[in-house]
Amino acid sequence: MKNILFVISGPSGVGKGTMVARLASKGELIFSVSCTTRKPREGETDGVHYFFLTEEEFLRRAENGEFLEYDNHFGSYYGTLRSFIEEKLKEGSVILDLDVVGALNLKKAYPEAVLVMLLPPDKEALKQRLIHRHSETPHQIEDRLARVDYELSLQDKFDYTVLNDEVEKAEEKLREIYQQEKNRA
Ligand code: 5GP
């Protein structure tokens, strides 16, 4: 059995972060720590949640081909480090929290990656989650919501879609998918 790349994606506010943290908490899946140029939020630690880089450093690494995929969304860069993934895959399967376009780009670089899109029960639920996590300004929330229809329109390109209406049920479904894919690899 090979170790796999298990990508959790979906629109902003759908609950990717929570889900990935739950799936990585038992040590079976290793969380892929991405690089970003956005500022750390309260409670976020460099090297644990992200590697926080300056834009200059990020672009230098991008130029060097150090990212499997990278993108700029909402004014900040985000990227998956090739070296991090290669290293961690030797130890176990890796779980990634990527936006929808990043997930599809990763699949181009690494076709065996398994892509899952988490779906919101409805758009209002997404809006409420974004408002209640207090990490975006009203303007940023509008930007994120404006992308949702486009992101959902790409769901056919994903290997699986999972409705995130109840966290426990969605987590169980994701664990089933992971096991199935891991057994097949
Ligand atoms: P946040 O700023 O809320 O942590 O993340 C914003 C978005 O960036 C989320 O949709 C998250 O999935 C995505 N993201 C996190 N890391 C990466 C990455 O390495 N590459 C890409 N393309 N998106 C990422």
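Author: A polar contact is a pair of N or O atoms within 3.5 Å; within protein, one must be able to donate a hydrogen and the other to accept it, and residues adjacent in sequence count only if both atoms are side-chain atoms. The model is predicted: local features need pLDDT of at least 70, side-chain atom pairs count only at pLDDT 80 or more, and totals for chains, interfaces and linings use all residues. Residues are numbered from 1 along each chain as its sequence is written, and side-chain values use heavy atoms, with hydrogens and water left out.

Reader: What makes the pair between the ligand and the side chain of Arg 41 a polar contact?

Author: An oxygen atom of the ligand is 2.9 Å from an N or O atom in the Arg 41 side chain. The pair counts because its 2.9 Å is within 3.5 Å.

Reader: Which atom of the ligand is paired with the side chain of Asp 99?

Author: A nitrogen atom of the ligand, at 2.8 Å from an N or O atom of the Asp 99 side chain. Arg 38 places a polar side-chain atom 2.7 Å from a ligand oxygen. Taken alone the ligand exposes 520 Å², and the protein buries 94% of that (Shrake-Rupley method, 1.4 Å probe).

Reader: Where does the ligand sit?

Author: The ligand sits in the largest pocket, which means that more than half of its atoms lie within 2 Å of the pocket's grid points. A pocket is an open set of points on a 1 Å grid over the protein atoms alone, where a 1.4 Å probe fits, with protein on both sides within 12 Å along at least five of seven lines.

Reader: What makes up the lining of the largest pocket?

Author: There are 13 nonpolar, 17 polar (Gly among them) and 14 charged residues (Asp, Glu, Lys and Arg) in the lining. Lining residues have an atom within 4 Å of a point; of the 44, Gly 17, Arg 41, Tyr 50, Asp 97 and Arg 133 lie nearest the centre. Helix α1 (a DSSP run of H or I, at least four residues) gives the largest share, 7 residues.

Reader: Which residues around the ligand come nearest?

Author: Lys 16, Ser 34, Tyr 50, Tyr 78 and Asp 97, of 17 that have a heavy atom within 4 Å of the ligand. By class, the shell has 3 nonpolar, 5 polar and 9 charged residues.

Note on methods:
Helix = DSSP H or I, 4+ residues; strand = E, 2+ residues; numbered from the N terminus.
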